[in-house]
Amino acid sequence: MAYNTIDNHYNIYNYYMTTYAPKSSTPYDSHKKSELRNVYNSIVKMNKEAPIYILDASRESCKFAVGMKENARELRNTIASLGDLNENDMLNKKAAYSSNENIASASYIGTPGDSASAPSVEIEVHSLATPQVNTGNYLPGNEKVTLSQATYSFDVGIEDLNYEFQFSIKPEDTNRDVQERLTRLINNANIGISAQIVTNDENNSALRLESNATGIKNDKPEIFHVSDHRTSKTAGTVEYFGLDNTTGAASNASFLLNGEERTSPSNTLNVGRMYHVTLNGVSSEDGETASIGLKTDVESLTENINTLVKGYNSFLRAASEYSDRHPKSNRIVQEMGSISRYYARGLTSAGLNLNLDGTLEVDNEAIQKTATDGDARRAFSSIMDFTHSLVRKSNQISLDPMNYVNNIVVAYKNPGKNFATPYITSAYSGMMFNSYC
């Protein structure tokens with residue numbers, strides 16, 4: 001079992017993020033006070049006339065409710081990332097290109113108004129940032145562990161956090177048994193280290209630990225450190241399995257940006273607050289470079305619509321996965337299908353085709369042809385209206401995901417004579433604590 005020595009709430013947050021949330025937080029998850037006030041007012045209004053029901057608090061229902069809220073949030077953030085949520089900037093985000101994706105890829109992170117001043121840049125990569133790798137001792141997998149039967153523990157330090165892992169060794173355990181146990185223990189803890197078992201030519205196995213992070217920060221030589229010198233249980237497993245054997249030191253990326261030498265602890269970096277660049281490979285010896293710049297308006301619009309369709313289809317498939325266990329989840333699929341069917345004729349004329357399963361398919365040639373016609377704004381009005389409807393629906397699902405859970409209605413309130421109950425939709429917010437209570 002892994003413990004965070006700072007605060008157990010950190011583990012609860014990690015459980016929520018790794019179990020339910022499909023994506024990490026984005027800049028679009030931060031809000032102004034006025035936006036938060038509007039959310040609160042919407043919740044109050046929504047629940048004032050809502051019926052009273054018995055909550056289905058099963059583990060599957062909890063996972064469904066929180067998961068659908070997070071998927072709705074992701075869909076909304078996808079749309080917001082394509083320009084903004086207002087009518088003038090929606091789907092108006094500029095797209096970046098790279099002349100050599102093998103060296104570097106890029107996306108535009110500036111505002112639409114900044115695109116006119118966005119310069120092109122040249123990148124030559126000398127080396128990529130690498131993670132820290134620890135490779136343990138190679139041991140015969142079928143042989144019994146020579147350690148005595150006991151409860152063992154070891155500590156893993158990452159930056160300012162310290163985690164303790166506890167496990168037991170039984171007399172019948174083999175080296176491979178314990179290595180597999182440690183692999184599951186470390187991977188399930190989700191502390192920023194990936195564990196796997198590797199074998200050599202003699203078919204002996206070892207535990208390999210690799211950091212998710214790369215590079216050297218704050219002049220620290222290690223990203224993580226493994227020891228059992230001051231652990232709470234029996235020591236000895238670090239030396240026996242060689243968990244502290246660093247076989248690959250972390251290193252920073254080295255590259256030329258417009259001829260200027262640069263380093264970075266990560267292979268992703270922001271350039272001039274205009275481009276988000278990912279370094280993918282090393283340049284050849286003859287100075288091979290990648291040119292980063294902005295695509296044309298037509299190319300940017302085509303890419304934005306493709307991203308929108310990808311987000312919509314991803315949300316639809318996520319909702320469909322729950323249909324067998326949660327029949328009411330079909331309501332989400334049906335409601336989304338109603339939106340797409342309502343705009344189907346306009347979407348088709350603009351280059352989006354509606355499939356039988358409710359998903360959309362992009363005809364890039366039709367989109368580019370429509371974009372170059374005389375009245376492109378009118379031709380794409382259906383896509384804009386469709387996108388606005390998706391934003392409204394995603395907001396509705398985020399506000400009340402419990403509306404799609406198999407709850408039993410007990411009574412309906414007396415219309416017009418009710419007190420506000422703003423916390424009813426927050427029933428799902430306590431679900432992340434279920435495994436800790």
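Arg331, Glu335 and Lys393 are linked in a network of salt bridges. The structure that holds them is a predicted model. The protein has 11 helices and 20 strands, and buried residues make up 44% of its 437 residues. Of the contacts between residues at least 6 apart in sequence, 73% join residues at least 24 apart.

**Salt bridges**

- The whole structure holds nine salt bridges. Side chains of opposite charge can pair when their charged atoms come close.
- Within the network, the side chains of arginine 331 and glutamate 335 meet with an N to O distance of 3.5 Å. These two residues are four apart in helix α7 (residues 329–342), and so are separated by about one helical turn. Arginine 331 is partly exposed, at a relative accessible area of 28%.
- Arginine 208 and glutamate 210 form a salt bridge through their side chains, at 2.6 Å from N to O. Glutamate 210 is partly exposed, with 26% relative accessible area.
- Lysine 295 and glutamate 303 form another salt bridge, in which the closest N and O atoms are 2.7 Å apart. Both ends of this pair are partly exposed: the relative accessible area is 32% for glutamate 303 and 25% for lysine 295.

**Helix α3**

- Helix α3 covers residues 59–80, and its 22 residues should span 32 Å at 1.5 Å a residue. The end C-alpha atoms are 31 Å apart, which agrees with that expectation.
- The helix is mostly covered, with 19 of its 22 residues buried.
- Alanine 80 belongs to α3. This alanine counts as buried because its relative accessibility is 4%, under the 20% cut-off.
- Methionine 90 lies 10 residues from alanine 80 along the chain, and the C-alpha atoms of the two are separated by 7.5 Å.

**Helix α4**

- Helix α4 (residues 175–189) has 15 residues. From its first C-alpha to its last it reaches 21 Å, close to the 21 Å expected at 1.5 Å a residue.
- Asn175, Val178, Gln179, Leu182, Thr183 and Ile186 are buried in α4. Seen down the helix axis, the buried residues fall within an arc of 145°, so they line one face of α4.
- The buried residues of α4 pack against four strands and a helix: β7 (150–158), β8 (161–169), β9 (193–199), β10 (205–211) and α5 (237–241).
- Asparagine 190, just after α4, takes a positive phi of about 55°.

**The four-stranded sheet**

- Four strands form an open sheet in the order β9-β10-β6-β12, with antiparallel pairing. Strands β9 and β12 (246–248) stand at the edges with a single partner strand each, so one side of each has no neighbour in the sheet.
- From one strand to the next, the twist of this sheet averages 30°.
- β9 and β10 run antiparallel and are joined by seven bridges. Valine 198 has alanine 206 in β10 as its bridge partner.
- α4 packs on this sheet and touches β9 and β10. The direction of α4 makes about 160° with that of β9.

**The five-stranded sheet**

- An open sheet of five strands has antiparallel pairing and the order β3-β17-β5-β13-β14. Its edge strands, β3 (96–98) and β14 (260–264), each pair on one side only.
- Neighbouring strands in this sheet are turned against each other by 30° on average, direction ignored.
- Strands of a sheet pair through backbone hydrogen bonds, either parallel or antiparallel. Here β13 (residues 253–257) and β14 pair in the antiparallel sense over five bridges. Serine 254 stands opposite threonine 263, which lies in β14.

Definitions and conventions: Residues are numbered from 1 along each chain as its sequence is written. This is a predicted model: local features need pLDDT of at least 70, side-chain atom pairs count only at pLDDT 80 or more; totals for chains, interfaces and linings use all residues. Side-chain values use heavy atoms; hydrogens and water are left out. Two strands pair if DSSP finds at least two bridges between them. Axes are lines fitted to C-alpha atoms, for helices over the stretch in contact, and angles run from 0 to 180 degrees between N-to-C directions. A salt bridge is a side-chain nitrogen of Lys or Arg within 4 Å of a carboxyl oxygen of Asp or Glu. Buried means under 20% relative accessible area, exposed over 50%, partly exposed in between (1.4 Å probe, protein chains only). The expected span of a helix is 1.5 Å times one less than its number of residues. The arc is that of the directions from the helix axis to the C-beta atoms. Contact means heavy atoms within 4.5 Å.
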